[in-house]
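Here is a short briefing for a first look. Keep the sequence and the 3D view open while you read.

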Amino acid sequence: MKVFNRFLVDIAYKINTSVWYQKKKRFVYNILENDEYKYKKYFDIFMIILIFSSVSILIYEVKASVHDYLNIFNSYVISLIFFVEYILRFWISSSVTKVIINQDEYSDLLSRDFDLLFVIRRIVKDKLEYMFSPKAIIDLLAIMPFFHELRLLRIFILFRVFKIFRYAKSFQTFTSVLANKKFEFFTLAMFASMVIFVSSVLIYVMEANNPDAKITSLYEAFYWSIVTISTVGYGDVVTVSKEGQFVAILVILAGISVMAFTTSLFVSAFTEKLEDIKEDKIIQDVSKLNRLYIICGYEQIAKEVAKKLINTDFQVLVLDSCPQRTENAKKDGLTALNYNPGTVESYKKLNISLSIHVKAILCLREDDVENVYTALTVRSINKDIFIMSLLMNQINRSKLIYSGVNEILYDKEFVGLVAREYVGQPVAFEAIHTIRSESGSIRMEEIPITERVLKNFGLVEELKNTKFRVVILGIHKKSSKRFLFNPIDSTLLESGDFLLVIGNYMFIREFNKYLLK
């Protein structure tokens, strides 16, 4: 027995470590169960077409003769496809090799003999759980028309319609919404059943002995009660006695209550689930995007950055732990999720690859601690993703650097103001960053406009910067707190303004001396 157990364990390890086997099983799982797999939707469409084809043939066959080829297609081909699908689902429902390996490791840990009987019981239990699940039962019933010689079994073709729940995600969402109200629906069913049972017995007692009555059996009484409580009221079976009519009034009132309760249950279930459905839809849409910016936090600076990114046709996703700020982002036309950007779980929920889908992470909370937490979290997930962070207090700069931030925007620094203008233009931003950090002769410098400068120069055209081979990239205006790129000649200079100039550092030095003369 030990030899057989050892052989079984060896086979399990071999299968479990087989690249070919695991690749095939993973492919089957993806095509059958993984909604994120890009080819699954084609499989779902194919199966839905088969289902409707099968039901259409059944309906056509009621009053017309069907060609033998269609019968073979409906009874054999489709059934065989569904049978193969059932077997594949049965295969991937649980891992036999993992059960064997886990038991072997457990036995080795406790120095016990391999318990083959436990392994068999566990495998059978796992497989039976799948076989008796509602979806698996429907799958099995959908195969029954294969035995087409038994005419009665052909009606099981209709069960193929229920297989649509497997392939249409909207149906799955519908059932999941209702599943959250299981207790309420159970209570409703008990109340409705009690009303139907009591009213059926009462109406049977009141009407059965009346020679003019149409309700002469308990079955007819049940039929009348169900039709009445559902407020359908076909009128084919009605009460004739005064007592029976009184019972009918009570049943109608009870039916109104049941319908009102049912409607409120559906409405409340979908209202509660609506935000989750919207969130799932946003995540699905985000997973289809390529090279998007993730903005962490949505405050004043983040709003300005988001506007510039959208204007340049970049995709933007906002993550913020504050519901109000998330709503503000949505009102501004942005894709936003009420997720905490400082937790790993938030990025797992997004179901995206940071290296593939994300161009940069922008930590724009006006809180340095929050930005540090976000940067640390992102960097723990991906070592190479570009992270840009806002800095509110100079003393926290080192913390942001240690947390893995690539670029820091400090509002009180002139370069931070420039970077904010260029954040929506990655190439230009990268060029500015390169010039700032270049060790060569080309420099980008900030020259303040002082009262001394204003004594000699009032307009941009008076600066004569071309004479010194210096390019004026722009001016930061103190009064408006805005940066003017490529200012026109008539731009007025004011005390407190900053010139941003580019050129050889020697020329810039001479130009600066010239301004201060």
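The points below cover the whole chain, one helix pair and the nonpolar cores.

This is a predicted model, where local features need pLDDT of at least 70, side-chain atom pairs count only at pLDDT 80 or more, and totals for chains, interfaces and linings use all residues. Residues are numbered from 1 along each chain as its sequence is written, and side-chain values use heavy atoms, without hydrogens and water.

**Whole chain**
- The protein has 23 helices and ten strands (DSSP runs: helices are H or I, at least four residues; strands are E, at least two; numbered from the N terminus).
- Of its 517 residues, 38% are buried (under 20% relative accessible area, 1.4 Å probe, protein chains only).

**Helices H11 and H12**
- The axes of H11 (residues 182–207) and H12 (residues 218–229) come within 8 Å and cross at roughly 130 degrees (lines fitted to C-alpha atoms over the stretch in contact; angles run from 0 to 180 degrees between N-to-C directions).
- H11 is therefore oblique to H12 (not under 35, over 145 or 65 to 115 degrees).
- Residues in contact (heavy atoms within 4.5 Å) include Phe197 in H11 and Trp224 in H12.
- The residues of this contact divide into twelve nonpolar, three polar and no charged.

**Nonpolar cores**
- The largest nonpolar core (buried Ala, Val, Leu, Ile, Met, Phe, Trp, Tyr and Cys joined through side-chain atoms within 4.5 Å) has 27 residues.
- Ile294, Leu350 and Ile361 touch the most other members.
- Elements giving two or more residues to this core include helix H13 (242–287) and strand S1 (292–296).
- Another core, of 19 residues, lies apart from it, with Tyr293 and Leu390 among them.

Note on methods:
Nonpolar A, V, L, I, M, F, W, Y, C, P; charged D, E, K, R; others polar. Buried < 20%, exposed > 50% of the residue type's maximum accessible area, 1.4 Å probe, protein only.
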